[in-house]
Amino acid sequence: MLSEEKENSLETLAEIRDIMNRSARFVSLSGWSGIWAGLTAIAGATIAYIWLHEPQFKYTGKVNEASLDYFDTYTVQFIKLGIAVFVVALAGAIYFTYRKAHKLGHALWNNASRQMVTQLFFPLFAGGIFSMMFIYYGFGLFVVPACLAFYGLALISASRHTLSDIRYLGMLDVMLGCTSLFFPDYGLYFWALGFGVLHILYGAIMWNKYDKQD
């Protein structure tokens, strides 16, 4: 009798702990979201690479006067590409996260997800302002370092309200962004590595750790 009561108490405590954990942390992030975001980023980087290597660009892997003139001419085009990549990646992340949340019986929009989005928003907003001003003042080469660093800081900040694993992805992106400051000629490669390869690796790890058994 005592054994059954003990088991019931443990089950009740486990349920309470699970409810509290879900209210404090958004645990429905899907590994497929990371994989999708990474593939989208690599696709966008591939398109940008093709544009940068058009004959009139005369791009040799190093920054020169001709390359800067071309970049100024196609600034709006690159900005549109970046926005498109962001929208497609975000749409996929929402879809895969919604699918997992629905499968687990969790609400997609709750206190934890609101806190997570808030923590993501401010560093991303600041990074967007920095990037726009870099472009405006003709320092477009620093857009990639700014995007990587601020995005990494956003992930580190949001990790308090979701799976703590994204903190490590954030740390890697911050370090990659800082490193890319010293190699501005190769920003596109750092972009593909930080937003593409790392996201795919992160997504695969998260899928194997959290989604595989679902």
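This is a short dialogue on reading the nonpolar cores and a pocket in a predicted model.

Biologist: Happy to start with the inside. Which residues have the most contacts inside the largest nonpolar core?

Modeller: A core of this kind is a set of buried nonpolar residues joined through their side chains. Here the largest one has 19 residues, and those with the most contacts inside it are Leu29, Leu120, Leu148, Leu155, Ile166 and Tyr202. Two or more residues come from each of helix 5 (111–136), helix 6 (143–158), helix 7 (166–180) and helix 8 (187–211). Helix 6 gives the most, with six residues.

Biologist: Could we zoom in on one residue? What is leucine 155 in contact with, leaving aside its neighbours within four places in sequence?

Modeller: Good one to pick! Leu155 touches Leu120, Ile166, Leu169, Gly170 and Asp173. Apart from the largest core lies another, of six residues, including Leu52, Phe78, Leu81 and Val85.

Biologist: Now for the empty space. Which residues line the second largest pocket?

Modeller: Rolling a probe the size of a water molecule over the atoms shows where empty space is left. In this model, the second largest pocket holds about 170 Å³ of space. Its lining is made of Asp165, Tyr168, Leu169, Leu172, Leu198, Leu201, Tyr202, Ile205, Met206 and Lys209.

Biologist: Which element gives the largest share of that lining, and how do the residues divide by character?

Modeller: Helix 8 gives the largest share, six residues; helix 7 and helix 8 are the elements that give two or more. By character, the lining has eight nonpolar residues, no polar ones and two charged ones.

Notes:
Residues numbered from 1 in each chain as written. Predicted model: local features only at pLDDT ≥ 70, side-chain atom pairs only at ≥ 80, totals over all residues. Heavy atoms only, no water. Core = buried A, V, L, I, M, F, W, Y, C linked by side-chain atoms within 4.5 Å. Buried < 20%, exposed > 50% of the residue type's maximum accessible area, 1.4 Å probe, protein only. Helix = DSSP H or I, 4+ residues; strand = E, 2+ residues; numbered from the N terminus. Contact = heavy atoms within 4.5 Å. 1 Å grid on protein atoms, 1.4 Å probe; cavity = no way out; pocket = protein on both sides within 12 Å on 5 of 7 lines; lining within 4 Å. Points joined across faces, edges and corners; volume = space filled by probe spheres on them. Nonpolar A, V, L, I, M, F, W, Y, C, P; charged D, E, K, R; others polar.
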